[in-house]
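Visitor: I am new to this structure. Please take one part of it and walk me through it closely.

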Amino acid sequence: MAFKALISIIALLGTLQSTNAALTKRVACPDGKNTATNAACCQLFAVRDDLQQNLFHNGQCGEEAHESLRITFHDAIAFSPAMEARGQFGGGGADGSIAIFPEIETNFHANVGLDEIVALQNPIHARHNLSHADL
């Protein structure tokens, strides 16, 4: 009896999972080789390919990949102690500020050396219609 109930539950879960997959519509991207669940995401495939080919040396996990993760982390955790002390929101969140203001942001002790990855990412940013935060 318990085995029959277990089989029924497994069958029901399988049916629900198949139904969910069938209901998730995908759009064909203009490049003819990618699909996405949202057409707005199609432009990101070109960015991914550009990053892989021109910054990460065809997918190598080297220094540029390490520094790209580092700049993302440092941009996302940024905060202003002075604003916090005044009771104001002190920032935080990946807003691209390190790439937008490299002459200021990369002078902070924790961000030393990030100016190099900003310089390497700038040509990629220039080729795509994205904000620094989206890149």
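Guide: Start with a pair of charged side chains. Glu 67 and Arg 70 meet in a salt bridge, with N and O 3.1 Å apart. Keep in mind that this is a predicted model. Side chains of opposite charge can pair when their charged atoms come close. Glu 67 and Arg 70 are both in helix α3, three residues apart, so about one helical turn separates them. Glu 67 counts as buried because its relative accessible area is 11%, and buried means under 20%.

Now take the helix itself. α3 has 14 residues. From first C-alpha to last, α3 reaches 20 Å, close to the 20 Å expected at 1.5 Å a residue. Glu 67 has company among the buried residues of α3: Ala 65, Ser 68, Ile 71, His 74 and Asp 75 are buried too. What covers them? The cover includes α2, α5 and α7.

One buried residue of α3, Ile 71, leads inward. The largest nonpolar core has 13 residues, and Ile 71 is listed with Leu 51 and Leu 55 as having the most contacts inside it. Four elements give two or more residues to this core: α2 (42-55), α3 (63-76), α5 and α7 (114-127). The most comes from α7, with four residues. Follow Leu 51 next. Beyond its neighbours within four places in sequence, Leu 51 is in contact with Phe 56, Ile 124 and Leu 135.

Back to charge. The whole structure holds four salt bridges. Another of them joins the side chains of Arg 127 and Asp 50, at 2.8 Å from N to O. Arg 127 lies in helix α7 and Asp 50 in helix α2, so this pair ties together parts 77 residues apart in sequence. Asp 50 is buried, at 8% relative accessible area. Arg 127 is partly exposed, at 47%.

Helix α2 also takes part in a pair with a loop. Lys 33 forms a salt bridge with Asp 49, the closest N and O atoms being 3.9 Å apart. Lys 33 sits in the loop between β1 (27-28) and β2 (35-36), while Asp 49 is in α2, 16 residues apart. Lys 33 is exposed, at 62% relative accessibility. Asp 49 is partly exposed, at 28%. Arg 48 joins Lys 33 and Asp 49 in a network of salt bridges.

Methods:
Residues numbered from 1 in each chain as written. Predicted model: local features only at pLDDT ≥ 70, side-chain atom pairs only at ≥ 80, totals over all residues. Heavy atoms only, no water. Core = buried A, V, L, I, M, F, W, Y, C linked by side-chain atoms within 4.5 Å. Buried < 20%, exposed > 50% of the residue type's maximum accessible area, 1.4 Å probe, protein only. Contact = heavy atoms within 4.5 Å. Expected span 1.5 Å × (residues − 1).
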